[in-house]
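Dear colleague,

I am passing on the structure below, together with some notes on what turned up in it. Please read the notes with the structure open beside you.

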Amino acid sequence: QTLVLYKGAFLQGFASQAETFEAWVSDEQERLQQLAIAGYLLLVNTSLFQNAYEAGLEHATRLLQLDPFHEEAQRQQMLLLTYSGRR
């Protein structure tokens, strides 16, 4: 349920002249994105374990939107596609 709330970078588009604030925002954006990626990866792996391939594909797709070069997510997506008959 928490991942549904994640819509992208924290305070995206908000501009400030304060370097310290900008550094904090950048750190928070990275931290929150990594949490979202970890959450989606957990959902993908759980879906594989439960043979819920379509749900797993949805989670993998969302994860890869956040990080297109996430190698494990790419492998999991290929597995899910194979198991669901879409080679």
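A convenient place to begin is Ala-73, which lies in helix α4 (helices, H or I of at least four residues, are DSSP runs numbered from the N terminus). Please bear in mind that this is a predicted model, in which local features need pLDDT of at least 70 and side-chain atom pairs count only at pLDDT 80 or more, while totals for chains, interfaces and linings use all residues. Residues are numbered from 1 along each chain as its sequence is written, and side-chain values use heavy atoms, with hydrogens and water left out.

At 1% relative accessibility, Ala-73 counts as buried, a word that here means under 20% relative accessible area with a 1.4 Å probe and protein chains only. Not counting residues up to four places away in sequence, Ala-73 touches Leu-63 and Leu-64, where contact means heavy atoms within 4.5 Å. The C-alpha atoms of Ala-73 and Gly-56 are separated by 10 Å, although the two are 17 residues apart along the chain.

Ala-73 also belongs to the largest nonpolar core, which has 10 residues in all and includes Leu-3, Tyr-6, Leu-41, Leu-63, Leu-64 and Leu-66; such a core is a set of buried Ala, Val, Leu, Ile, Met, Phe, Trp, Tyr and Cys residues joined through side-chain atoms within 4.5 Å. Helices α2 and α3 each supply at least two residues of this core, and the largest share, 4 residues, comes from α2. A second, separate core of 6 residues includes Val-44, Leu-48, Tyr-53 and Leu-57.

Turning to α3, its 14 residues (53-66) should span 20 Å at 1.5 Å a residue, and the end C-alpha atoms are indeed 20 Å apart, which agrees; the expected span is 1.5 Å times one less than the number of residues. Among the buried residues of α3 are Tyr-53, Gly-56, Leu-57 and Ala-60, and the buried residues of this helix pack against α2 (19-49) and α4 (71-83).

Finally, α2 and α3 pack at an angle of about 160°, with their axes 8 Å apart, the axes being lines fitted to C-alpha atoms over the stretch in contact and the angles running from 0 to 180 degrees between N-to-C directions. That makes α2 roughly antiparallel to α3, a description used for angles over 145 degrees. The residues making this contact include Ala-36, Ile-37 and Tyr-40 of α2 and Gly-56, His-59 and Leu-63 of α3.

With best wishes

Methods: Buried < 20%, exposed > 50% of the residue type's maximum accessible area, 1.4 Å probe, protein only. Parallel < 35°, antiparallel > 145°, perpendicular 65-115°, else oblique.
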